[in-house]
Amino acid sequence: MRTASLNSTGENSVASNGDVLTEAQIPSIVEGVLASTQFVDIHTHLFAPAFGKIGLWGIDELLTYHYLEAEYFRYSDSTPSRYWSLSKREQADAIWKTLFVENTPISEAARGVIAVLKAFQLPTESSGLDEARAFFEAQTIEAHIHKVLQMAGVCTLVMTNDPLDPEEAAVWMKGVANHKQFRAVMRLDRILCNWSAHWQVLAGQGYQVDEQASGKSGAKVRRFLADWYERMHPVYMAVSLPDTFEYPQGTVGNRLLKEAVLPACREMDLPLSLMIGVRKGVNPSLRLAGDAVGRANLRALENLCREFPDNRFLVSVLSRENQHELCVYARKFSNLMPFGCWWFMNNPSIVEEITRERIEMLGTSFIPQHSDARVLEQVIYKWNNTRRTLTRILADSYRLLLEDGRGVTRDDVQRDVTRLFRSNAEAWMAPRAPASDTPTPSF
Ligand code: RAT
Ligand code: ZN
């Protein structure tokens, strides 16, 4: 058994990689390793430059993030319809004035904008946005992306790509060259959750499907997925599911899941990401900001993991009440990988609770976080927050381990951080590729 001993040069000395760390050294070594390790961001809504205007960045987009829009309506007398009638720039001005000038921006999402401004040495207390706008307008997208990802400590970003989004599909149809930092994901909400509104799009493209998804529809949807696989080369397929999701159930969505999506994932050796617990459009007048959360019945997940042992499921749940069950299921099913603290869970207090629980129940065999960034520069503050919270959590875990009789070295810390933020994701995304702690593989 390795035990901690005081380094002969004293507690504040720099530990070499194989030395057992003293209690006093642990926090700074953990902080340093988290800072210097490049992370994989396994779920974002960002886009490679080839997608042009679909990819959002800059101060006006940062301020009109739907997390901030929801907060704006709590403070402002303006109605949603009045707000939606404004131009993007006017909306951003209104949010800046309300949330950042007339009030102190202490919410998580508001603090994030401040952190981004500070990262670019832009004013955080001014009454207007002229300087920030001038700065972002002067950037060219390729170089800016490179800089932002460097600042965020992110090597690889996973996009969210919807083959049934007309604007996005048009870009894919022209052909999209591989980008070395962006990976695609085939998002299937329209097929699995809203088939009745979308089956005709597939039918119009020559796939012989019907409204009930009967007969050969399952096979045709598989063909559709195979064709899009060739276009996108996705690293996984994904769907966001309501809190009411059940499996097995006699619904069209369940049939398509069983007959098309899960077999396609097996054929292509792709995991399926299930994001469970959203209640869409609780307040439709708020648009994207109008969704809420509900506690889900995770028996559906249990049934899927057991019935389909040859499928792999990447899972994030939106309700705080479902987090513990998710950990228990991950202990039962090795084809289940919990990932991220999603959306309403992505606040330091809740991230801390969820992540401590996951470490206690799963060690390092999970993926602690994704950014869910919709606007490029958000990766800076979101990953900074994650590193800050994780420094505390990991340092505490190592301190307890040391107290219980097993010291850790810098190499141990590096191995753990690499697993959590990089190689667990790479191993699950890369088809049949072994886990790797080396630079970004080409998927
Ligand atoms: O967090 C968000 O931005 C949500 O609006 C959703 O996009 C969610 O992350 C999702 O992927 O459905
Ligand atoms: Zn998302």
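Q: Which label fits arginine 356: buried, partly exposed or exposed?
A: This is a predicted model, where local features need pLDDT of at least 70, side-chain atom pairs count only at pLDDT 80 or more, and totals for chains, interfaces and linings use all residues. Residues are numbered from 1 along each chain as its sequence is written, chains are lettered from A and ligands numbered from 1 in the order in which they are written, and side-chain values use heavy atoms, with hydrogens and water left out. Buried means under 20% relative accessible area, exposed means over 50%, and partly exposed lies in between (1.4 Å probe, protein chains only). At 25% relative accessibility, arginine 356 counts as partly exposed.

Q: Which residue meets arginine 356 in a salt bridge?
A: A salt bridge here is a side-chain nitrogen of Lys or Arg within 4 Å of a carboxyl oxygen of Asp or Glu. The partner of arginine 356 has a relative accessible area of 25% and is partly exposed. The two side chains meet at 3.0 Å, N to O, and the partner is aspartate 396.

Q: How many residues apart are aspartate 396 and arginine 356?
A: Helices (H or I, at least four residues) and strands (E, at least two) are DSSP runs, numbered from the N terminus. The salt bridge joins the side chains of aspartate 396 and arginine 356. The pair links distant parts of the chain, with aspartate 396 in helix H17 (residues 378-404) and arginine 356 in helix H16 (residues 348-362), and the separation is 40 residues.

Q: Which residues are linked in a network of salt bridges?
A: By the salt-bridge rule, the count comes to 25. The pair of aspartate 396 and arginine 356 belongs to a network. Its linked residues are Glu352, Arg356, Arg392, Asp396, Arg399 and Glu403.

Q: Which parts does the salt bridge of lysine 88 and glutamate 61 tie together?
A: In this pair the closest N and O atoms are 3.1 Å apart. Because lysine 88 and glutamate 61 lie in separate helices, the pair ties together parts that are 27 residues apart in sequence: helix H5 and helix H2 (residues 59-63).

Q: Which residue of that pair is buried?
A: Lysine 88, at 37% relative accessibility, counts as partly exposed. Its partner has 16% relative accessibility, so the buried residue is glutamate 61.

Q: By about how many helical turns are arginine 111 and glutamate 108 separated?
A: Their side chains meet in a salt bridge at 2.8 Å, N to O. Arginine 111 is partly exposed at 31% relative accessibility, while glutamate 108 is buried, with a relative accessible area of 15%. The two are three residues apart in helix H6 (residues 108-119), so the separation is about one helical turn.

Q: Which residues line the largest cavity?
A: On a 1 Å grid over the protein atoms alone, a cavity is a set of points where a 1.4 Å probe fits but cannot get out, a pocket is an open set with protein on both sides within 12 Å along at least five of seven lines, and lining residues have an atom within 4 Å of a point. The search of the whole structure finds one cavity of 30 Å³ or more. The lining consists of Glu108, Asn346, Asn347, Pro348, Val351, Gln369, Asn385, Thr386 and Thr389.

Q: What volume does the largest cavity have?
A: Grid points are joined across faces, edges and corners, and a volume is the space filled by probe spheres set on the points. The largest share of the lining, three residues, comes from H17. The cavity's volume is about 50 Å³.

Q: Which residues lie nearest the centre of the largest pocket?
A: About 1,300 Å³ of space lies in this pocket. Its lining has 41 residues, and those nearest the centre are His45, Arg190, Lys280, Leu288 and Arg374.

Q: Which side chain has a polar atom 2.7 Å from an oxygen atom of ligand 1?
A: Ligand 1 is surrounded by residues (a heavy atom within 4 Å) that include His43, Arg187 and Asp372. Among polar contacts (N or O atom pairs within 3.5 Å; within protein, one must be able to donate a hydrogen and the other to accept it, and residues adjacent in sequence count only if both atoms are side-chain atoms), histidine 43 comes to 3.1 Å and aspartate 372 to 2.8 Å. The 2.7 Å distance belongs to arginine 187.

Q: In which loop is the proline of the cis peptide bond found?
A: The peptide bond from tyrosine 247 to proline 248 is cis, with omega near 0°. Proline 248 is found in the loop between S4 and helix H13 (252-268).
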